[in-house]
Amino acid sequence: MPGRYYTSDAIFAEETEQIFYQRWVCVGRAEEVPQPGDYQLRSVGTESLIILRDKQGQVRAFYNLCRHRGTQLCPEAQGHFAGVIRCPYHAWGYGLNGELMAAPLMDQVAGFQPQDWGLHGVAIAFWEGFIFVNLSAQPEPFEQAFAPLIERFSAWQIDRLQVGHRIDYTLQSNWKLIVQNYSECYHCPTVHPELVKLSSAGSSANDLYRGPFLGGPMAIDPPYSSLSRGGDRTLPLLGTVSGDDAQRAYYYLIFPNLLLSLQPDFVMSHRLEPQAPGRTQVICEWLFAPEAIAQPDFDPSPIVELWDQVNRQDWEICGSMQRGVGSRAYQPGLYAAHESLLPEIDREVLNALGHLDPATPTQVE
């Protein structure tokens with residue numbers, strides 16, 4: 001794609017509207033709201049959302065705004081509602097199911113019906129313990145959109161895993177450069193010498209190579225058994241992982257904003273929150289079996305240290321690319337054979353924006 005796709009405010013606004021407000025977007029893990037009344041704020045584009053667990057234990061999503069005059073209900077990023085969501089402006093109160101419970105003096109307004117003024121809800125779905133939301137007025141059914149993935153990773157039992165460590169990164173890079181970098185290992189021998197010692201770049205393959213879900217396996221090279229500092233597996237295999245999968249790592253793009261890394265002994269996720277053409281927040285979490293976390297000697301540091309290093313190596317390259325594609329001299333180059341997923345990512349973006357030339361579908365209008 002031409003450089004403007006990574007630097008233009010107008011294209012970034014189009015992507016927000018046509019991709020992030022129309023697709024199923026990952027906003028975290030259900031475990032982040034464990035008890036009724038617990039909530040987390042999440043941003044999708046310029047929209048602020050309340051993700052909460054109601055009194056019946058159901059996780060819900062609402063726009064973070066009062067139906068009276070639009071005041072944001074929650075200024076804090078996370079917290080707990082003691083049964084009522086109270087507007088700080090005129091004290092309108094909402095139940096955890098979004099229904100309007102209190103509207104002071106509004107009984108004096110002719111025609112006012114409380115049942116008409118509940119919070120604006122957001123479509124929500126769950127997959128492998130992750131929460132997805134869709135801001136579209138008519139969202140595609142989640143089961144239909146995610147049909148290629150629904151049972152694909154059942155051996156890892158990701159839904160029961162828990163976050164054992166988290167690092168938030170702020171990148172001076174366009175979100176698509178991060179997605180593209182994740183989806184190829186052509187750069188690995190140059191950028192990640194510590195990683196390719198454990199997992200050779202030439203072992204990469206793809207088993208999902210069309211559409212919004214892309215990726216596949218790479219080998220963990222014997223004698224190493226874990227992609228961690230030192231390469232030794234100190235945690236048990238996840239779920240029912242066995243056979244060849246005990247010596248493989250799988251890397252998938254769940255378009256548009258979840259990067260999912262399946263390892264024999266842990267799962268790593270990167271959740272992207274694009275904030276501007278050249279700025280992206282990346283939330284990286286390492287998921288482990290709860291019984292492993294419960295052990296007194298549980299120590300994720302060998303895993304976290306290696307992948308934090310790999311992350312930072314990638315982020316430096318992504319920042320360099322962001323600066324480079326903004327140059328007047330930049331012209332798109334040719335993708336290498338080891339970058340075969342990148343044209344598919346481009347196509348997914350350009351199709352969503354309606355920017356492909358219908359007469360020549362490999363050319364940008």
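Where does glutamate 128 lie? In this predicted model, glutamate 128 is found in the loop between strand 9 (123-127) and strand 10 (130-134). Its phi is near 55 degrees, a positive value in a residue other than glycine, and glutamate 128 is buried, because its relative accessible area of 12% falls under the 20% that sets the limit for buried residues. Most residues other than glycine have a negative phi, and most peptide bonds are trans. A second residue with a positive phi is alanine 91, for which the angle is about 65 degrees although the residue is not a glycine. Alanine 91 is placed in the loop between strand 6 (85-86) and strand 7 (93-94), and with a relative accessibility of 31% alanine 91 counts as partly exposed.

Two cis peptide bonds can be described alongside these backbone angles. One of them joins proline 222 and proline 223, with omega at about 10 degrees, and proline 223 belongs to the loop between strand 12 and strand 13. The other joins phenylalanine 255 and proline 256, again with omega at about 10 degrees, and proline 256 is part of the loop between strand 13 and strand 14.

The strands on either side of these loops pair with one another. Strand 12 (residues 213-219) and strand 13 (residues 248-254) are antiparallel partners over 7 bridges, and within this pairing glycine 215 stands opposite tyrosine 252 of strand 13. Strand 12 is mostly covered, as 6 of its 7 residues are buried. Strand 13 is in turn joined to strand 14 by 5 bridges, and these two strands also run antiparallel; here tyrosine 252 has leucine 260 of strand 14 opposite it. The connection from strand 13 to strand 14 is a hairpin of 3 residues. Strand 14 then pairs with strand 15 in the antiparallel sense over 5 bridges, with serine 261 standing opposite methionine 268 of strand 15, and a hairpin of 4 residues leads from strand 14 to strand 15.

Strand 14 is largely enclosed by the rest of the structure, because 5 of its 5 residues are buried. This covering applies to both faces of strand 14, since Leu258, Leu260 and Leu262 on one side and Leu259 and Ser261 on the other are all buried.

Several of the strands described above also contribute to the second largest pocket, in which about 490 Å³ of space lies. The pocket is lined by 36 residues, and those closest to its centre are Tyr182, Glu184, Cys185, Met218 and Tyr251. At least two lining residues each are supplied by strand 12, strand 13, strand 14 (258-262) and strand 15 (267-276), and likewise by helix 4 (175-182), helix 6 (193-196) and helix 8 (301-325). By residue class, the lining of the second largest pocket divides into 20 nonpolar, 14 polar and 2 charged residues.

The aromatic side chains were examined next. A pair of aromatic rings is described by the distance of the centres and the angle of the planes. When rings are counted as paired if their centres lie within 6.5 Å, the count comes to 22 aromatic pairs. One example is formed by phenylalanine 142 and phenylalanine 146, whose ring centres are 4.2 Å apart and whose planes meet at 20 degrees, so the pair is stacked; the cut-off for stacked planes is under 30 degrees. Both phenylalanine 142 and phenylalanine 146 are buried. These two residues are also members of a cluster that ring pairs link together, which includes Trp24, Trp127, Phe130, Phe132, Phe153, Trp156, Phe213, Tyr250 and Tyr252. Phe130 of this cluster has a further neighbour in arginine 29, whose charged end sits over the ring of phenylalanine 130 at 4.5 Å from its centre.

A final contact concerns two glycines. Glycine 83 lies in the loop between strand 5 (78-80) and strand 6, and glycine 83 is buried, with a relative accessible area of 16%. Its C-alpha atom is separated by 6.4 Å from that of glycine 37, although the two residues are 46 residues apart along the chain.

Terms used:
Residues are numbered from 1 along each chain as its sequence is written. This is a predicted model: local features need pLDDT of at least 70, side-chain atom pairs count only at pLDDT 80 or more; totals for chains, interfaces and linings use all residues. Side-chain values use heavy atoms; hydrogens and water are left out. Rings of Phe, Tyr and Trp (its six-membered ring) pair if their centres lie within 6.5 Å; planes under 30 degrees apart count as stacked, over 60 as edge-to-face and the rest as tilted. Buried means under 20% relative accessible area, exposed over 50%, partly exposed in between (1.4 Å probe, protein chains only). A charge sits over a ring if NZ of Lys or CZ of Arg is within 6 Å of the ring centre and within 35 degrees of the ring normal. Two strands pair if DSSP finds at least two bridges between them. On a 1 Å grid over the protein atoms alone, a cavity is a set of points where a 1.4 Å probe fits but cannot get out, and a pocket is an open set with protein on both sides within 12 Å along at least five of seven lines; lining residues have an atom within 4 Å of a point. Grid points are joined across faces, edges and corners, and a volume is the space filled by probe spheres set on the points. Ala, Val, Leu, Ile, Met, Phe, Trp, Tyr, Cys and Pro count as nonpolar, Asp, Glu, Lys and Arg as charged, and the others, Gly among them, as polar.
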